[in-house]
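The exercises below ask the reader to work from the coordinates of a single chain and to check each step against a worked solution. Please try each task before reading on.

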Amino acid sequence: MRPSSENKTLVKNFQTIYWEWDFLDGRFKIDALFYKQFPVHQSEILPKQQNIITLLQPLLSLDDWVEFQEKIRTVRQSGKAFTSKWAIKTQESLLNLVLHATPTLAGGKVIQLKGSIAEENLKLSDENLLYVTREIIEKSCNLFLVLNKDYAIVAANPACCQHLGYQLSELISTSILKLDIEHNIPQWNNFLKHLKRGNTLDIETSFQRKDGTIFPITAAATYLEKDNQALVCLLARDISAQRRLESQWKPALIQTENLRIQLEEERTYFQETFVPEHRFENIISKSAAYQKVLQQVKRVAPTDSTVLIEGETGTGKELLARAVHELSRRKKRNLIVVNCASLPKELIESELFGHEEGAFTGANKQKRGRFELADGGTIFLDEIGELPMSMQSNLLRVLQGGTFERVGGTQSITVNVRIIAATNRILLDMIDEGTFREDLYYRLNVFPIRNLPLRERVEDIPLLVLHFIEKYAKKINRQVNRVNKSDLLRLQAYSFPGNVRELENIIERAIILSTGTTLNLDFWQPLHKKEKVFVDFPTLDELQKQHIESALEKCKWKVSGHNGAARLLGMKDQTLFSKMRKYGISK
C-alpha cells in the first residue's frame, strides 16, 4: 500500500544513495540514507523480499513502477546500463530523481546490478564522479583490485583485504601471482593483449589467502589508462558456495548421464532385436517327457547358476532361456540375446565387450557391449559352439571374475551377469577336436538341460499345430480353424529333423494354401526323395546309437571306469554321457 503524503514526506537537501543487488545469492545492500530520505521504514520490507524493486514500490505511481520493473528485466537480458527518471511530488515541491543502474557480467550473464539514486539537477564534476565511483567500490562486497603493467597491485577495496586476510599496506605492490595460483606471467601477458583491444575478459581461477587457504573466484577484467599508465581493473567474486553445490550435484549428474546413455543404448538394442515376450506358462506342452525338462527349468531359475541348454536346431532353446530368466530374481532387468553364429568374427569382441572411441576404423564413439547392457540381468549366448577360440578365453574370464575390458580400453569393467548358453553341437566332441576349450565347457556346464527334439514329444504336435493355425490364420486373415485327423497322424509319424521350427513353417505354408476352414496339408510329403531311395539304409546317428547300446549291454550298463563302456568305445566318460543324452539312451 502506498503511504499517504500527509504523514510521510521527502526531506530537503536530498543526498545521493548507492545500492547493490547480487543476483547469484540474492544479497541486496543500500545506503541507510534511503530510509532517512524516503518515507519508507525498514520494518515494512521483509528481508527476503528486499531489493530495489520492492523498496521503490511505495514511492512510485503504478505506471512508473511497472515501467521500472520492465527496465530491470531488460537490463538482465541485454546487459546494458539504463537510467530511469521520476518526478515525485511532495507537499512542498516536486522532486526530480534519476536512478542509474550498471550491470556486472560474468560468463556473458548479468550477475549483479550497481546503481545510485540522485537529484536530476545534480551535476557531477570529474572529482565528484570519481568520488561516486570510489563510494560504490568501497561499499561493494566483491573483491576489487587494480593492477599496473607489471601486474602489481596498486589499489584494493576493503572487501578484498578482509576476504584475503591482508592489510591494504601488505597488498600494495604485491604481485597478482601471489594471489592467483593458476595463472603465470605469460598468461597474464595474453590477458593484457586481449584487454587492450577493448574487450572485457571473464576469468576463472583460484586465489590464496594470507593463511594459505585457497578459494575459487570468477572475475571480470577490464583495461584502463590513467596518466599514460596501463591499468587492469579486476572485479572478483568468491564462488566457493557455488562449487560446493556443484560438487554435491556433479556425481548425481554424471550418474544420470551414464544412465541416460545406458537406457539409450538399451532402447537401440531392443529396437534392433525385439522379439515378443515369452513367459514360462506360454510354453506349449503336455508331454510327460517335456514336463521333466520344465521341472529342471523351475529348479535352476531362482538361482544364479550358469545354465547350458543342449538340443537340436529348432527345438526352442531360446524359449527355455527366456523361461529361466522370467522365473529368476533378475526378471525385472534385461535379457540380452546374442547369437554367436551370426556375429562377424572381426566384430564379435566389440559386440560382446564394447569398444572405446578410435579403437579401430569406424569406431567414432564409445560403445557399450552386450555384457554391459546385461549388467544386473541375464545374457543368453546362443550357438556357443560357434564362438572362435580367440574369444573363448575372454568369455572364460567373465565367467570367473565378471571382468573384461572394452576393445581399445585399459580400464577393467566389472558386471554382475547371469550366463545362459545354448548349443546344437556336442561340445565334448569339439574338445576332442581342439575347437572348444575344456575349461570353458566345465564353467558353462554347471546345470545342463537337454531340450527334447519334437520326435520325442509327439503328443505335443496336435497342440502346436492348433497354436500355429491360430497364429498365422490371424496374421494373414484366414478363417482356418480345423485340421484333419489323418493329417495329424501323418505329422506325428514324421521324425521332424528341423523340429518345432520345421513344423511351424509347414503350418504357415498350409494356411497360405488353405481356402476353407480346414487346414490344407495336401502339398506336404513327409519323405524326401533321398529318404525314399534309402529307406532301409540306417543313418550314421542310428548306427552310433546301436553301437553305443551294444557297448553298454556288453559292459552291463557301466558307463565309466576300468570296465566301462567309455573305455571300450575309446572315448571320454563325459563324451559318452553326452551322446547318450543326445540319442535318448537309458537303461
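**Exercise 1: the parallel sheet**

Task: Find how strand β13 and strand β16 pair, and over how many bridges.

Solution: Strand β13, residues 378-382, and strand β16, residues 418-423, pair in the parallel sense over four bridges; two strands are said to pair if DSSP finds at least two bridges between them, and strands (E, at least two residues) and helices (H or I, at least four residues) are DSSP runs numbered from the N terminus. Within this pair, phenylalanine 380 stands opposite isoleucine 420 of β16.

The next step is to place the pair in its sheet, which is open, has five strands in the order β12-β13-β16-β11-β17, and shows parallel pairing. Its edge strands are β12 (335-339) and β17 (447-450), each of which pairs on one side only. With direction ignored, neighbouring strands of this sheet are turned by 20° against each other on average, where axes are lines fitted to C-alpha atoms (for helices over the stretch in contact) and angles run from 0 to 180 degrees between N-to-C directions.

Finally, helix α9 (residues 288-300) lies across β11 (307-310), β16 and β17, and runs at about 155° to β17.

The model is predicted, so local features need pLDDT of at least 70 and side-chain atom pairs count only at pLDDT 80 or more, while totals for chains, interfaces and linings use all residues. Residues are numbered from 1 along each chain as its sequence is written, and side-chain values use heavy atoms, with hydrogens and water left out.

**Exercise 2: the antiparallel sheet and its hairpin**

Task: Determine the strand order of the open sheet with antiparallel pairing, and then describe the surroundings of β6.

Solution: This open sheet of five strands has the order β7-β6-β10-β9-β8. Because β7 (153-156) and β8 (201-208) stand at the edges with a single partner strand each, one side of each is left without a neighbour in the sheet. Neighbouring strands here are turned by 30° against each other on average, again with direction ignored.

Turning to β6 (residues 143-147), one finds that this strand pairs with β7 in the antiparallel sense over three bridges, with isoleucine 153 as the bridge partner of leucine 147 and alanine 155 as that of valine 146. The two strands form a hairpin with five residues between them, and tyrosine 151 in the turn has a positive phi of about 65°. Five bridges join β6 to strand β10 (residues 229-238), which runs antiparallel to β6, and in β10 leucine 234 is the bridge partner of leucine 145.

For the last step, five of the five residues of β6 are buried, where buried means under 20% relative accessible area, exposed over 50%, and partly exposed in between (1.4 Å probe, protein chains only). Leu143, Leu145 and Leu147 point one way from β6, whereas Phe144 and Val146 point the other way.

**Exercise 3: helix α3**

Task: Compare the expected span of helix α3 with the distance between its end C-alpha atoms, and then locate its buried side.

Solution: The expected span is 1.5 Å times one less than the number of residues. For the 17 residues of α3 (residues 62-78) this should give 24 Å, and the end C-alpha atoms are 24 Å apart, which agrees. Trp65, Phe68, Ile72 and Val75 are buried in α3. They cover an arc of only 80° around the axis, which puts them on the same side of α3; the arc is that of the directions from the helix axis to the C-beta atoms. The face turned away from this buried side carries the exposed residues Leu62, Asp63 and Gln77. Just after α3, glycine 79 takes a positive phi of about 75°.

**Exercise 4: positive phi outside glycine**

Task: Establish where serine 173 is found and whether tryptophan 557 has a positive or a negative phi.

Solution: As background, most residues other than glycine have a negative phi. Serine 173, although not a glycine, has a positive phi of about 75°. Serine 173 is found in the loop between α6 (168-171) and α7 (185-196), and at 60% relative accessibility serine 173 counts as exposed. Phi of tryptophan 557 is near 65°, a positive value, and this residue is found in the loop between α20 (540-554) and α21 (565-569).

Methods
Contact = heavy atoms within 4.5 Å.
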